[in-house]
Amino acid sequence: MCSVPKWRWALFFGLAFGGCAVDLASKHWIFAKLGMPSGNRIVIVPPDIFCLETSLNEGALFGIGQGMAFVFAGLAVVAAIAITCWILIGSAGKDTWLTFALGCIVAGILGNLYDRLGLHGLIWPPSDQRAGQSAYAVRDWLHFQLRSINFDWAVFNIADSLLVVGAIMLFWHTVWREPRAMAAKQTTKTAPPSR
């Protein structure tokens, strides 16, 4: 096990479980307020830009892989375990930036995993062909639309946002921060000793 300061573990687990809790609470609140997706209960915040509407996604990003909730759930479990091992046993916990990024990613994974396993208890409504069956689908509720230019972004949730923030931070770490740190370390090693 690598020597990782305990506060970094607290940061990782705080982000992972705290972010997941915020995501689940927000989904519970909006679905309690607006109900199941039906197309008629929508709250428009700034007109023609952003609205709150409930949606169920049985797939992954942008609805890819509809009906494969359990496949994505299995992949999510593997990813969450691998990331946690990387933090606790590997070297990721030695870097605060990386710890923060991975905490966000795990928070997003856990929030959407909860939904994919149907733990939210939602049942498909009578208007759906799966009426009465458990909805093994991710609850989404944030929707950006710029109607003036015909732009319509996929409905998403806080877990998705955490995944994106974590992925961007991880990408930034890989292509910018880590190479610069390695170059600085190499320069220090090859520099002649001062007299």
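**Pocket, patch and helix in a predicted model**

Tutor: In this predicted model, the largest pocket holds about 700 Å³ of space. Of the 27 residues lining this pocket, Ala-60, Leu-61, Asn-112, Asp-160 and Leu-163 are the closest to its centre.

Student: Which elements each supply at least two residues of the lining of the largest pocket?

Tutor: They are β2 (50-57), α2 (69-88), α3 (96-116), β3 (138-146) and α4. The protein as a whole has four helices and four strands, in the order α-β-β-α-α-β-β-α from the N terminus.

Student: Why is Trp-153 called partly exposed?

Tutor: The relative accessible area of Trp-153 is 37%. Buried requires under 20% and exposed requires over 50%; the value for Trp-153 falls in between, so the residue is partly exposed. Trp-153 sits in the loop between β4 (151-152) and α4 (158-190).

Student: What makes Trp-153 eligible for a nonpolar patch on the surface?

Tutor: Patch residues need over 30% relative accessible area, and Trp-153 has 37%, so that cut-off is met. Its partners in the patch are Ile-49, Phe-144, Leu-146, Ile-149 and Phe-151. Together, the six residues have about 540 Å² of accessible area.

Student: How do you know that the span of helix α1 agrees with its number of residues?

Tutor: Helix α1 (residues 6-34) has 29 residues and, at 1.5 Å a residue, should span 42 Å. The expected span uses one less than the number of residues. The end C-alpha atoms of α1 are 41 Å apart, and therefore the two values agree. Just after α1, Gly-35 adopts a positive phi of about 80 degrees.

Student: What percentage of the 195 residues of the protein count as buried?

Tutor: The buried share is 38%, with buried meaning under 20% relative accessible area.

Definitions and conventions
Residues numbered from 1 in each chain as written. Predicted model: local features only at pLDDT ≥ 70, side-chain atom pairs only at ≥ 80, totals over all residues. Heavy atoms only, no water. Patch = residues over 30% accessible without salt bridge, like charges linked within 9 Å, V, L, I, M, F, W, Y side chains within 5 Å. Areas by Shrake-Rupley, 256 points an atom, 1.4 Å probe, with all protein chains shown as cover. Salt bridge = Lys/Arg side-chain N within 4 Å of Asp/Glu carboxyl O. Buried < 20%, exposed > 50% of the residue type's maximum accessible area, 1.4 Å probe, protein only. 1 Å grid on protein atoms, 1.4 Å probe; cavity = no way out; pocket = protein on both sides within 12 Å on 5 of 7 lines; lining within 4 Å. Points joined across faces, edges and corners; volume = space filled by probe spheres on them.
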